Amino acid sequence: MILAPLRGVTIRCFRATFSHEIAEAGFTEAITPFITANAGVNPLKDRELGRGEEIPSIKVTPQFIGKDPDALKFCLEKIREKGYDTADLNAGCPFPMVRNKGRGSGLLKNPKLLAEMMSVGVSIMGEGRFSVKTRLGIDSPNELKALMPLINDFPLRYLTVHSRTAKEMYCGNVHLEEFKEIASNAKVPLIYNGDAPIDDFDWPKEYLMIGRSFIRSLGERENSNELVEKYIENSLKELGSPRAVLGRMKELASYWKELPRYRRLWPIVKLARTLDEFRIALNL
Ligand SMILES: Cc1cc2nc3c(=O)[nH]c(=O)nc-3n(C[C@H](O)[C@H](O)[C@H](O)COP(=O)(O)O)c2cc1C
């Protein structure tokens, strides 16, 4: 089972703080939130790629977003030097500002460029060491199907499909029928993503990528308050600024706002102006 990349949430400090819970839930790999692959940018300067604090039992795969094959090549060469042996391409980011510029899910509109990016990925990382994360389409859940012959031509490590279109962003029903059609067309290992619960879903566990349901489950644990305190401490060490840490903590707590234990607290939590107010609001 793979921990989904959630920018601002499943970051390195999160993975280090919740390492025990991540491993216990059955995750064997985590994809980093996306790192920009732009010309002239050294990916090793990105906080995500520092080593040493990661969970030893979990493989970490850096994910890149971009539309410049040379920049991607440079990034992949850099991470290989640093010891990473797998990488992932973001071909699913749905935000109009990203996709209209041809990055993220925008790559689905440009099969030639998508092929060039996959070609660079496979040639630098090696066969079976480069993966792609995408969606069923931009406007319609039938678009990815047309690209499967192209994708099948590359010896990818796996293809992750978030079973929504880009226009649907992160909400609404997932399209299981269209995902099954992709499954019947895919010659590369296929990973399901999109609102899968951690414990019971009709798709093999080793081919599941899960994000939000795991983050929510942390708030259901008896020791969730202790975990938050640990996350605050680790984040303060990393960021220094209590204000930045407060933003990070509120983002985590926002995943818990529907849980019985936190529902009443959330309206106060979201108004907290300092870490102390946040602690009081959460009864830490
Ligand atoms: C706040 C947020 C940030 C995200 N950041 C990324 C990202 O950096 N790269 C990526 O491929 N997907 C990203 N996603 C999408 C998730 O990886 C995942 O595809 C989506 O949340 C659906 O899976 P889930 O229902 O299990 O959470 C993000 C989603 C959210 C909500």
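Here is a walk through this predicted model, from its domains to its core and then to its ligand.

Start with the overall layout. The domain assignment splits the protein into domain 1, residues 2-218, and domain 2, residues 224-281. If you take the C-alpha centres of domain 1 and domain 2, they sit 27 Å apart. The two do meet: 10 residues of domain 1 are in contact with 12 residues of domain 2. On the domain 1 side of that meeting, helix H1 (12-17) and helix H8 (212-218) each bring at least two residues. H8 gives the most there, with 4 residues. Sorted by class, this side of domain 1 comes out as 6 nonpolar, 2 polar and 2 charged residues.

Now look inside. The largest nonpolar core has 66 residues, and the members that touch the most others are Leu3, Phe64 and Met249. Helix H5 (residues 111-125) makes the largest contribution to this core, with 5 residues. Both domains take part too, since at least three core residues come from domain 1 (2-218) and at least three from domain 2 (224-281).

Phe64 is a good place to zoom in. Setting aside neighbours within four places in sequence, Phe64 is in contact with Phe34, Ile35, Ala37, Leu72, Cys75, Ala87, Leu89 and Asn90.

Last stop, the ligand. What surrounds the ligand, and which residues are the closest? There are 22 residues around it, with Ala4, Arg7, Pro33, Gly211 and Arg212 the closest. By class, that shell holds 9 nonpolar, 9 polar and 4 charged residues.

Key: Residues numbered from 1 in each chain as written. Predicted model: local features only at pLDDT ≥ 70, side-chain atom pairs only at ≥ 80, totals over all residues. Near = placed C-beta within 6 Å. Nonpolar A, V, L, I, M, F, W, Y, C, P; charged D, E, K, R; others polar. Core = buried A, V, L, I, M, F, W, Y, C linked by C-beta atoms within 7 Å. Buried ≥ 20, exposed ≤ 12 C-beta atoms within 10 Å, placed from the backbone. Domains from an automatic or database assignment. Contact = placed C-beta atoms within 7 Å.
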